[in-house]
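Me: I would like to learn how to read a few features of a protein model, taking them one at a time. Could you give me the general idea for each and then the case at hand?

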Amino acid sequence: MKDNQKYAKEMLDFIEKSPSCFHAVANVKRILEEQGFTELEESQDWTVEAGRGYYVTRNDSSIIAFRLPGSDDTDGVTGRENVDGFHMVAAHSDSPSFKIKESPESTVENHYVRLNTEKYGGMILSTWLDRALSVAGRVAVKEKGHIVTKLVNVDKDLLVIPNVAIHMNRDMNRGVEYNPQVDMLPLFADCSLGNKKSVLMKRVAKAAGVKQEEILGHDLYLYIRDKGRIWGENGEFLLSPRLDDLQCVFAAVKAFSGSMPEHYINVCAVFDNEEVGSGTKQGADSTFLEDTLWRIGESLKADRSKYLQWIAGSFLISADNAHAVHPNHPEKADPTNRPYLNGGIVIKYHGSQKYATDALSAARMKELCRQAGVPFQSYANRSDILGGSTLGNISTAHVSVSSVDIGLPQLAMHSAVETAGVKDTGYAVEALKVFYGE
Ligand code: ZN
C-alpha cells in the first residue's frame, strides 16, 4: 500500500507535467534518458547493442522505446540468438481537449476577447465550464534555416469557458445541449484593459522562448489547471485531469524503464491520436510500430524468417483505462463483470473483438498478475450498450501478435477531471514489471 501511494503521487506529478501529448512524450523521453536510453532518428541508420535501451519518436507526440536482452555472445555482436520475440505494452499520450484554431481571437462588443477552438476527441463538454484553463502544445519556428518545433506551456490561469446563469436558462438542470461553436469558446481578455487582438500569440511566443513573428505554425490545446489530488476518508481515491490514458502511460514507462529482459526485446509504445480514431501517421493505426519492430530486426541482422518467428512469439498488452462500476449508476455496468476502483487491473473482453483479449491472452495476463501478487478483475460492455474502442485491435491489425486489452478502473472517463483508485497504478507497475522481466 505504501508503494502504491508513492506510485500514485509520482503518477499525478507526471500528469501535471504533461499538459499536452507533446509534453507527455517529452517527459517519457526524460525518464528514459535518466535510465541511459539513447535516441534514434527514423531518418538515420540505426546501430544497436545488446543490453542497451533506445527510443524513437514520431511527430513529437508518439514514442516507441525498446530494450534489447543482454548478449550471450552466440553471434558475437547482438545477442540475436537469445531473442524469442517482442514483449510490448502500448498506451496513448492524448486526452480529449479543445484545439485552438488559426486566427483564434475575436472580440465581443468591443469588451471581451475570446478564442475560437474546436473539439479534440469526445469530452464531456459541461465539465470544461467554469474552470481555470491554460494553453499548451507546440509551435513550429524557423531556426538557422530549418523549421523546428518548440514545446509551449503558458502555465498561467489564462482562460475560462463561462456557464450561462441559471436565471438565463431555467432548464439548465434538465439537460443542456452544448454547441461547441457557441457555448464552449473560452474568454481570454478584457478589451477595456487595452487587450485587443494578437495578444495570445505574443504570450505563446514568450512561453516558447521565440519571437512572435518567428511562429509559422502551431498545435495548441486548452488544458485544465486543476492539479491532481488524493482524496477520500482514507485517501483511497484520486482526482486528476488526463488519467485516461496517462495513468497507464506512467505505469508502462515505470515498469519498462528499469527492466532488463533476458529472452525478449522489451517494447514500450505510446501513441498519439487514440481519442480521434488513431488514423494518423503517428497513431496506433499507422506503420509506426511495424516500421520500428522491423528496423530493430534489421539492426540485429535478423532475416525475414527470423523476424516472423519473433513476431509469432510476441505478446502485446494494450493498456487503456476502463470503466469502474458507477456509485450512482451501478445499472450501467455489465451484470456480471463489475470492476471497482482499487480492485486491480481490469482485463477487457469484447465478443466482436473491439478488445483484442481472447482465452489465451487473458490466461497469460492473469498469470502475470498472479506472479506479481496483484488483483485483477474483468470488464465487458453491457450487451445493449455500445462501448469505446482502443489501441489493441488497431495495432494488431498492423503487427499481428497475441494481445490482451487491459486498463485501470476509473469513473467519469473523458470528464475534465477523472476519478481513480489510489492503489491501481502500483498494481499495474508490478504486473508489467513481471512481464518485462521474462
Ligand atoms: Zn483511453
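Me: Which residue just after H2 takes a positive phi, and of about what value?

Reply: This is a predicted model, and in it Gly36, placed just after H2, takes a positive phi of about 85°. As for H2 itself, residues 21-34, the 14 residues should span 20 Å at 1.5 Å a residue, and because its end C-alpha atoms are 20 Å apart, the expectation and the model agree. The buried residues of this helix are Cys21, Phe22, His23, Ala24, Val25, Asn27, Val28, Ile31 and Leu32.

Me: How should I read a strand, and how many residues of strand S13 are buried?

Reply: In general, strands of a sheet pair through backbone hydrogen bonds, either parallel or antiparallel. In strand S13, residues 264-271, eight of the eight residues are buried, so the strand is largely enclosed by the rest of the structure. Tyr264, Asn266, Cys268 and Val270 point one way from S13, while Ile265, Val267, Ala269 and Phe271 point the other way, and all are buried.

Me: Which sense, parallel or antiparallel, does S13 take with strand S3, and which with strand S4?

Reply: With strand S3 (residues 62-67), S13 pairs in the antiparallel sense over five bridges, and Ala65 stands opposite Cys268 of S13. Strand S4 (residues 85-92) runs parallel to S13 and is joined to it by eight bridges, with His87 having Asn266 as its bridge partner in S13.

Me: What is the strand order in the open sheet of five strands?

Reply: The order is S11-S12-S20-S19-S15, with mixed pairing, and the edge strands, S11 (229-231) and S15, each pair on one side only. Within this sheet, S12 (residues 237-240) and S20 (residues 418-421) pair in the antiparallel sense over four bridges, and Ser240 has Glu418 as its bridge partner in S20. Helix H4 packs on the sheet, where it touches S12, strand S19 (409-411) and S20, and the direction of H4 makes about 35° with that of S20.

Me: Where is Gly228 found, and is Gly228 buried or partly exposed?

Reply: Gly228 is found in the loop between strand S10 (215-224) and S11, and because its relative accessibility is 26%, Gly228 counts as partly exposed. Leaving aside residues up to four places away in sequence, Gly228 touches Leu12, Leu239, Ser240 and Pro241. Gly228 and Leu238 are 10 residues apart in sequence, and their C-alpha atoms are 7.1 Å apart in space.

Me: How do I read a metal site, and which protein donors does the zinc ion have?

Reply: A useful reference is that ideal angles at a metal are 109.5 degrees for four tetrahedral donors. Here the protein donors of the zinc ion are His92 (NE2), Asp244 (OD) and Asp320, the last giving two OD atoms, and they lie 2.0 to 2.8 Å from the ion. The four donor atoms subtend angles of 51 to 144° around the zinc ion, and therefore the arrangement is irregular.

Me: Where along the chain do the donor residues sit, and what is their spacing?

Reply: In sequence the spacing of the donor residues is H-x151-D-x75-D. Asp244 and Asp320 link distant parts of the chain, being 76 residues apart, with Asp244 in helix H4 (residues 243-257) and Asp320 in the loop between strand S14 (315-319) and strand S15 (322-323). Asp244 counts as buried because its relative accessibility is 2%, and Asp320, with a relative accessible area of 5%, is buried.

Terms used:
Residues numbered from 1 in each chain as written. Predicted model: local features only at pLDDT ≥ 70, side-chain atom pairs only at ≥ 80, totals over all residues. Heavy atoms only, no water. Donors = N, O, S within 2.8 Å, 3.2 Å for Na, K, Ca; no water. Tetrahedral: all angles 85-135°; square planar, octahedral: opposite > 155°, others 65-115°. Helix = DSSP H or I, 4+ residues; strand = E, 2+ residues; numbered from the N terminus. Buried < 20%, exposed > 50% of the residue type's maximum accessible area, 1.4 Å probe, protein only. Pairing = 2+ DSSP bridges. Contact = heavy atoms within 4.5 Å. Axes fitted to C-alpha atoms, helices over the stretch in contact; angles between N-to-C directions. Expected span 1.5 Å × (residues − 1).
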